[in-house]
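Got the viewer open? Let's walk through this one stop by stop, selecting as we go.

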Amino acid sequence: MNLLQILSLFSIFYSILKLFNLFIKRRNQTCYMLAYECFKPKEDTILNTHSCAKIVMRNKNLGLEEYRFLLKTMVSSGIGENTYCPRNVLEGRETCPTLKDTYEEIDEIMFDTLDNLFKRTCFSPSEIDILVVNVSLFSPAPSLTARIINRYKMRRDIKVFNLAGMGCSASVVAIDLVQQLFQTHENSLGIVVSTEDLGSHWYCGKDKKMMLSNCLFRSGGCSMLFTNKTELKNRAILKLKHMERTQYGADDEAYNCCIQVEDEQGFAGFRLTKSLVKSAAQALTVNLQTMVPKILPLWELVRFFTISLTKSMKKIQFGNFFTDSFNHGKMVKKPMFNVLGGGLNLKTGIEHFCVHPGGRAVIDGVGKGLRLNEYDLEPARMALHRWGNTSAGGLWYVLGYMEAKKRLKKGDRILMISLGAGFKCNNCVWEVMKDLSDTNVWKDSIDSYPPPTLNNPFKERYNWINDEYLSFVRLDFSSMVFK
């Protein structure tokens, strides 16, 4: 065997070894979800129509105009009678929350979901290698991650990250962080805890743009367990296929559409402007512009461009393909191109759409923009109705509905769409690893969903606030008794 042959064999062997190592490395970088646990608050914290009215009417800063605005907002909110509220707000202490109130609110969510997660998966807290906690509005010292480590006596070498200020899309941001860490930490287990502090940030003023957050946000959260261990693949319920994050904060209008500020009277709260829906559409458009080629089959992309060319379109628009559709759920102008029909059909690469339940306008806008039907939007609508907008934890109540309804079958793909302050759009695609049918947090209510109607009783009980004669009399609403 001459030298040339030896060098050729060595080169072939080396190439095979490099390919094998690359295969092993990529296999170890795969992110699997083993389980998730959504938080179900105690029944004594239910915020029904009656308790909601009591909270509103005891706010002496509000007048008839504000009451009418709140009634109109709640009637059209898509939120039902069984959402949950922080205890200090229900007990009338929303104007003077204490640090103890905040810790109790967060502790209950974090520890309840983590206890259930460890119990369900039979993993010990000492086995966890990575811990990420995201709570946008509460960042104490020591951190919330340190609080969890102290509670469960976790290892000294655990990798911990505390994310704050990331808004409703923080959950997907945290998962992306875990996925990145998996690339350099083989055979690891990672936990993400997603929730929000509402009790100490209840708005007590009368700015309509800031009153919206009280109408939409409710108590909730979720803890999730991930791994890149190939030996645990058979236990996994989901596999992360694609992740795409878009930051739209360079645009002033988008940055300011969802922001924590003080009103003219000094009351702090979250201001939600009319441009929020527009900014969400723009961010989602940019995000899908990058993601769509990765998740749709080649034949669908070819079909789309072929049809586009035959129609002699002057400009093929991946950008802004549904911006004009995404305006408070109403069609204005005309869409840049139809995602279904003559345009891209997302359902050729996606079976389920897990839409952030941020509000009815957001769900309607995404549905119209992506040409989704009511079956596709049902999980998001039902999660909003049953749980409200639970911020970063909201997506998992939507996923839980899909699972409880036995929609998720092995091989199905789920597009998870999250939108949050910043303005951010963070989307990911999951592959279902096996048929899923756990009723999870929906156990006590799944049989009653979807209900015959999503209308809540607010209009029926309090429409008298719109009576014309009230505009000419002076009433003390805070002293009224509501039944």
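Start by selecting residues 32–38, strand β1, together with residues 238–247, strand β8: the two pair in the antiparallel sense over two bridges. Keep in mind that this is a predicted model. Show the side chains here and you'll find tyrosine 32 opposite lysine 239 of β8, and methionine 33 opposite leucine 238, again in β8.

Now keep β8 and add residues 424–432, strand β13. This pair is also antiparallel, and it runs over nine bridges. Which residue of β13 stands opposite methionine 243? Click on cysteine 428.

Next, zoom out to the whole sheet. It is an open sheet of nine strands with mixed pairing, and you can trace it in the order β5-β4-β6-β7-β1-β8-β13-β12-β11. The edges are β5 (159–163) and β11 (352–355), each of which pairs on one side only. Turn the view a little to catch the twist, which averages 20 degrees from one strand to the next.

Time to add some helices. Select 170–182, helix α7, which lies across β4, β5, β6, β7, β8, β12 and β13. Its direction is at about 160 degrees to β4 (130–135). Then pick 394–404, helix α14: this one packs on the sheet too, touching β1, β7, β8, β11, β12 and β13. Compare α14 with β11 and you get an angle of about 150 degrees between their directions.

Now color the cysteines. How many disulfides does the structure hold? Zero. Take cysteine 204 as an example: the closest cysteine sulfur is in cysteine 96, 8.9 Å away, so that pair is too far apart for a bond. Is cysteine 204 buried or exposed? Its relative accessibility is 9%, so it counts as buried. Back on β13, select cysteine 425: with 0% relative accessibility, this residue counts as buried as well.

Last stop: residues 49–57, helix α2. Seven of its nine residues are buried, so the helix is mostly covered. To see them, select Thr49, Ser51, Cys52, Ala53, Ile55, Val56 and Met57. What covers these buried residues? Turn on β2 (46–47), α3 (64–75), α4 (87–90) and α15 (458–462), which are among the covering elements. Before you leave, look at the start of α2, where a side-chain oxygen of asparagine 48 comes to within 3.2 Å of the backbone nitrogen of histidine 50.

Note on methods
Residues are numbered from 1 along each chain as its sequence is written. This is a predicted model: local features need pLDDT of at least 70, side-chain atom pairs count only at pLDDT 80 or more; totals for chains, interfaces and linings use all residues. Side-chain values use heavy atoms; hydrogens and water are left out. Two strands pair if DSSP finds at least two bridges between them. Helices (H or I, at least four residues) and strands (E, at least two) are DSSP runs, numbered from the N terminus. Axes are lines fitted to C-alpha atoms, for helices over the stretch in contact, and angles run from 0 to 180 degrees between N-to-C directions. Contact means heavy atoms within 4.5 Å. A disulfide is a pair of cysteine sulfur atoms within 2.5 Å. Buried means under 20% relative accessible area, exposed over 50%, partly exposed in between (1.4 Å probe, protein chains only). A polar contact is a pair of N or O atoms within 3.5 Å; within protein, one must be able to donate a hydrogen and the other to accept it, and residues adjacent in sequence count only if both atoms are side-chain atoms.
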